[in-house]
Every structure is written in C-alpha cells, then in structure tokens.
Amino acid sequence: MAAVRKNAGTLGEEKRSTGVSKNAVETMQDHQNLPIDIQTSKLLDWLVDRRHCNLKWQGQVRTVREKIAVAIRDMPENEEIKRLLAGSYIHYFHCLRIVEILRGTEASTKNIFGRYSSQRMKDWQEIVSLYEKDNTYLGELASLLVRNISYEIPSLKKQISKCQQLQQEHSRKEEEYQLASAEMRERFYSSCKQYGITGDDVRRELLALVKDFPSQLDEIGAGARGLSEAIDLYQACVQFVCESSTEQVVPLLRHMQARGNTTIYEWRRGVEPTSVERPEMEEAKESVEPEAIDWGDFGAESASVPEMVDYSISVEEPSEEIDWGISLESNAQENGTTSLDEGDKSVAATAQIVVLDAGSEVPEGIARGPDALSLLETPETRNQFIDELMELEIFLSQRIVEMSEEADILSVSQFQLAPPILQDQTKEKLEAMVAALQDLVGRMTSLRMQHLFMILASPRYVDRVTELLRQKLKQADLLLLKKDLMIQKRQEALEEQAALEPKLDLLVQKTKELQKLIEADVSKRYSGRPVNLMGASL
C-alpha cells in the first residue's frame with residue numbers, strides 16, 4: 001500500500017509540473033503575439049532609449065554619406081542601379097541592393113577566398129559595414145521617416161492646396177473681369193445711345209450731330225405753331241381774372257408760334273433780316289493719340305529743321321536813325337517841357353486809331369454776330385422758351401384739376417361771365433394741349449439735347465466727351481487684359497499642381513516602403529513580434 005501511495009504522489013507531481021510548463025509556454029506565446037506600438041514622432045527617441053542605435057549616429061552618417069558620394073561616381077551600367085540612384089535618397093537598404101547587384105556584375109573579380117578585388121565592391125561593402133556599425137542605418141531611416149511624415153509630405157500637400165486655391169481665386173477674378181468689361185462696354189454703348197451716335201467714330205459722329213442741330217431746333221420751333229389755342233386760352237384767362245389786363249403772356253412762345261425759330265435780330269426788331277451772317281464756329285482740333293506723336297530725331301538737326309520757313313512776315317533793315325515824329329527843342333529842354341513834331345500831319349492822320357462800339361457799324365437789315373443766332377441757339381432765349389412752356393403747362397394742369405373737381409356754386413357763378421373760349425373747353429382738349437407741351441419740354445430738356453447745347457457752346461466739349469467715351473473702352477480692354485492674365489496665372493497654377501502631385505505620390509510610396517522596412521527590422525530584434533508605427537497618416 002505504501003508503494004502504491006508513493007507512485008500516486010509521483011504521478012500527481014508530474015501532472016502539476018506538466019500543467020505549469022504548459023501554462024508558461026502559452027504565456028510566452030501570447031507575449032510573442034503582443035504588438036509593439038511606437039509613436040512615429042518619437043521613433044528616434046525610442047530607438048536611442050532602448051540602445052538600438054548610438055546617440056551620436058549623425059556623425060557616423062555624415063562619414064557614410066561622404067563615402068556614398070565618392071562611390072556613386074564609379075558605377076557599372078545597370079538599369080536597376082540607375083533607377084536606385086535617380087532622384088531618391090540612398091539609404092541602407094539601397095546599399096544592400098547595390099551590393100547584391102555588384103555580386104553579379106563583379107563576379108569575375110572574386111578570388112578563391114571569397115573576396116572581391118574590385119574597388120567598387122570594396123567601397124559598397126565598406127559603406128554597408130559602416131551603416132551596420134552601432135545600427136547607424138536605423139537612426140538614419142527613423143530620421144528620414146519622421147522628416148517625410150512631419151515636413152515633406154505636409155509641405156507638398158500645402159503647396160497643392162495653395163495651387164487649387166489660386167485656381168479658384170483666378171477663376172473667380174476671371175469671371176469678375178469678364179462681367180466688369182462687359183458692363184463697361186455696355187456703359188459705353190449706353191452713353192453713345194444717349195448722345196444719339198453708334199460709337200464707331202465718336203468725334204466724327206458728334207460733329208455730324210452739331211451740323212444737323214439747327215434743323216432739329218427748327219423742327220422744335222415748328223412744333224410750337226400748334227400751341228395757338230393754348231396760348232389764347234391762357235391769355236383770355238389772365239384778362240378775365242385780372243380785369244381786362246392788356247399785358248401779353250408768354251411773348252416769346254407767341255412769337256415762335258407765329259414765326260417759328262427765328263433769329264435774335266427778328267425777335268428784337270420785329271422784321272426779318274435781309275442777310276444773315278452767322279459767326280464762325282471754332283473747330284475743335286483733332287486730338288492726337290500718344291502713340292501717334294512723332295518726336296523726330298533730336299540728333300539730326302539738318303533733317304528735322306527746314307532751311308527756310310516763310311511766316312509771311314517782312315522785316316526791313318533798320319535805318320541808322322529812327323524818326324518817331326518827336327522833336328526836342330533846346331528851349332523846351334531848358335524849361336523841362338517837350339513838344340510834338342507836327343510837320344508830317346498826313347502820317348499822323350493815317351496812324352489814328354478809332355474804337356467803335358460793337359454792332360454800331362453793322363448795316364441795316366443784316367444779322368451779324370449774336371443777332372444771327374436762332375432763338376433756341378441762344379441760352380437766354382432758350383431758357384425763356386422752356387420757362388414759358390412750363391408756365392403754360394402748369395396753367396393747363398391746374399385747369400384740368402379744377403374741372404375734375406365737383407363744381408360748386410361759387411365756381412359756376414364765377415365763370416358765367418367768362419369768355420366763350422374758357423366756357424367751351426373740355427377736359428380732353430386740355431389734356432391734349434398738356435401732352436403737346438410736355439412733348440416739347442421733353443425734347444428740349446432731354447439728355448441728348450443738353451449735350452448738344454454744350455457742344456454748341458464749347459466745341460472743345462467734343463474732345464472731352466470723346467476722351468471720356470474712349471476711356472470707357474480703354475477700361476473695358478484693360479479688364480479683358482486682366483482677364484487674360486488671370487487665365488494665364490490659373491494655367492500656371494494648374495501646371496504647378498500637375499508637377500507636384502506625382503512628387504507627392506512618389507514620396508508617399510517611398511515613405512510607406514520605408515515604414516515597412518523599419519517595422520520589419522525592429523520586429524527581428526524582438527523575436528518577430530509585430531511592430532506598428534502609430535501616427536503615420538499617409
């Protein structure tokens with residue numbers, strides 16, 4: 001029995017030890033499967049703290065970079081090596097791949113001891129050994145990864161975003177300049193429409209309007225001939241209300257109703273002139289464009305200055321003595337007085353200057369100077385004509401209001417003794433008269449007519465208007481040039497974006513590959529545990 005109990009205890013102990021060892025194995029397996037999470041921004045500090053690379057790895061990397069710069073000068077013709085060396089930062093894993101390629105290209109230099117006599121192979125093997133010393137390559141790769149993720153990739157993304165923003169801004173400005181140019185051109189044609197011209201040749205068209213202006217004024221004067229009934233009605237009302245007043249109302253309007261747009265001479269004297277001599281209008285000189293100015297050749301005086309210029313001025317040779325017609329006598333000098341030489345009275349008579357009053361020498365029946373202008377061309381009579389039209393319009397409008405109101409006993413009794421012309425009027429007749437008056441006032445006070453009056457008063461106004469309209473066209477053309485500039489800048493931003501996007505894609509691809517290489521290398525140092533670099537948002 002004792003032997004049986006002893007065997008049973010031994011079996012129990014073996015089971016317990018087997019269970020413990022099995023649990024330990026499972027715990028170890030679970031520990032091996034636990035991932036190692038490393039913050040990418042602190043990767044380099046993590047490697048230094050765990051003694052995976054030396055704290056002074058930067059100095060060793062500088063030595064390696066110098067040797068790489070020397071080694072790449074002598075490389076064999078190989079397409080894969082060209083791709084590795086073209087436009088990328090050469091790091092440790094590139095060097096390993098170059099060594100593998102050189103083992104194939106430099107195989108003929110291998111001796112019986114397994115060494116290579118080729119200098120190329122020796123240089124790259126030395127570079128790899130320097131990288132592996134104190135795990136220098138790991139510090140360099142970690143630094144390169146952090147720089148790409150923290151600076152290079154965000155910088156390229158920011159540049160691409162700025163290019164896209166510039167494209168949107170340039171597109172917006174392009175539309176704004178297009179609309180502003182169209183609006184400015186529309187203003188130009190609207191102004192030309194107000195002046196009554198097409199805008200093809202502004203100055204010539206404005207001068208043509210001035211030439212046809214007198215006939216337009218005559219048409220307005222002829223329109224006043226249909227106002228006789230309105231004038232008679234106004235005159236009868238004034239005489240009735242003012243107890244037979246003999247004063248004539250709207251005298252200028254009455255004159256134009258009877259005779260039309262006559263001259264000032266006929267309006268003042270009551271008779272038609274036998275001859276009309278209109279004052280010559282000052283011609284506005286054609287403005288010269290700055291591009292058309294020929295400054296000549298200042299150096300070639302003989303070519304630019306003519307030999308003789310005839311200004312129709314004759315200059316006589318000065319005589320030795322000039323006779324001013326003044327004699328100085330000795331007795332006059334003694335008494336301190338002077339006397340005139342009256343010997344040549346014929347010369348004095350011819351040298352006499354006579355100042356006459358303006359218009360005093362104009363022959364009878366001839367309208368000359370301001371008197372030759374028409375009533376509507378002269379500002380004073382034109383303003384009087386408009387005032388009388390408005391006066392007559394206000395009177396008729398008031399009569400319409402009075403006739404529209406309910407008649408009371410006072411108004412009925414008041415107009416029982418009025419002349420028949422006042423009693424026979426109807427509201428429709430008065431409204432027709434007001435419409436005719438408003439048409440004349442509108443034609444005289446329109447914006448186009450005001451500009452024509454200003455051109456008539458000052459011919460230089462043509463140049464000012466022409467320059468003003470040309471400035472609108474120039475602004476429209478300038479806005480179109482700005483629009484073209486925005487198109488060009490938008491295209492440049494688009495081309496810059498197209499050039500940056502492949503660089504970003506390539507850098508992201510290289511960074512992902514670099515991240516995987518670092519994770520694999522660190523995982524080997526921890527018996528194959530999975531390693532995750534956190535915070536690397538690509």
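**Entry 1: Val250**

I started in the loop between helix H9 (228-241) and helix H10 (251-259), where Val250 is found. I keep in mind that this is a predicted model. What is the sign of phi at Val250? I find a positive phi of about 40°, although Val250 is not a glycine. I stopped on this because most residues other than glycine have a negative phi. Then I checked accessibility: is Val250 buried or exposed? Val250 has a relative accessible area of 3%, so I note it as buried, the cut-off being under 20%.

**Entry 2: Ser527**

I looked up another positive phi, and this one belongs to Ser527, at about 55°. Ser527 is not a glycine either. I place Ser527 in the loop between helix H20 (460-525) and strand E6 (531-534). Is Ser527 buried or exposed? Its relative accessible area is 58%, so Ser527 goes down as exposed, since the label applies over 50%. My two loop residues, then, read as follows: Val250 is buried, whereas Ser527 is exposed.

**Entry 3: H10 against H15**

From Val250 I moved on to H10, whose axis comes within 8 Å of the axis of H15. At what angle do the two axes cross? I get roughly 95°, which means that H10 is roughly perpendicular to H15. By class, I count seven nonpolar, two polar and one charged residues in the contact of H10 with H15. On the H10 side I list Pro251, Leu252, Leu253 and Met256. On the H15 side they meet Thr381, Gln384, Phe385, Glu388, Leu389 and Leu392.

**Entry 4: Leu396**

I stayed with H15 (residues 379-404), as Leu396 lies in this helix. Leu396 has 0% relative accessibility, so it counts as buried. Which residues does Leu396 touch, not counting those up to four places away in sequence? My list is Ala230, Leu233, Leu430, Met433, Val434 and Leu437. I picked Met433 for a distance check: its C-alpha atom and that of Leu396 are separated by 7.7 Å. Along the chain, Leu396 and Met433 are 37 residues apart.

**Entry 5: H8 against H20**

Next I took helix H8 (residues 202-223) and H20, whose axes come within 9 Å. They cross at roughly 140°, so I write H8 down as oblique to H20. What is the handedness of the crossing of H8 and H20? I have it as right-handed. By class, the contact of H8 with H20 has six nonpolar, one polar and two charged residues. From H8, I see Val202, Arg203, Leu206 and Leu207. They meet Val462, Asp463, Val465, Thr466 and Leu469 in H20.

**Entry 6: Ser191**

Leu469 turned up again when I looked at Ser191. Leaving aside neighbours within four places in sequence, I find Ser191 in contact with Leu469 and Lys472. Ser191 is found in helix H7 (residues 136-195). Is Ser191 buried or exposed? I mark Ser191 as buried because its relative accessibility is 10%.

**Entry 7: The chain as a whole**

I closed with the totals. How many helices and strands are there in the chain? I count 20 helices and six strands. Of the 538 residues, 32% count as buried. The accessible surface of the chain comes to about 36100 Å², and 52% of that surface belongs to carbon and sulfur atoms. I also looked at contacts with a separation of 6 or more: residues 24 or more positions apart account for 75% of them.

Note on methods
Residues numbered from 1 in each chain as written. Predicted model: local features only at pLDDT ≥ 70, side-chain atom pairs only at ≥ 80, totals over all residues. Heavy atoms only, no water. Helix = DSSP H or I, 4+ residues; strand = E, 2+ residues; numbered from the N terminus. Buried < 20%, exposed > 50% of the residue type's maximum accessible area, 1.4 Å probe, protein only. Contact = heavy atoms within 4.5 Å. Areas by Shrake-Rupley, 256 points an atom, 1.4 Å probe, with all protein chains shown as cover. Axes fitted to C-alpha atoms, helices over the stretch in contact; angles between N-to-C directions. Parallel < 35°, antiparallel > 145°, perpendicular 65-115°, else oblique. Left-handed = near helix turned anticlockwise from the far one by under 90°. Nonpolar A, V, L, I, M, F, W, Y, C, P; charged D, E, K, R; others polar.
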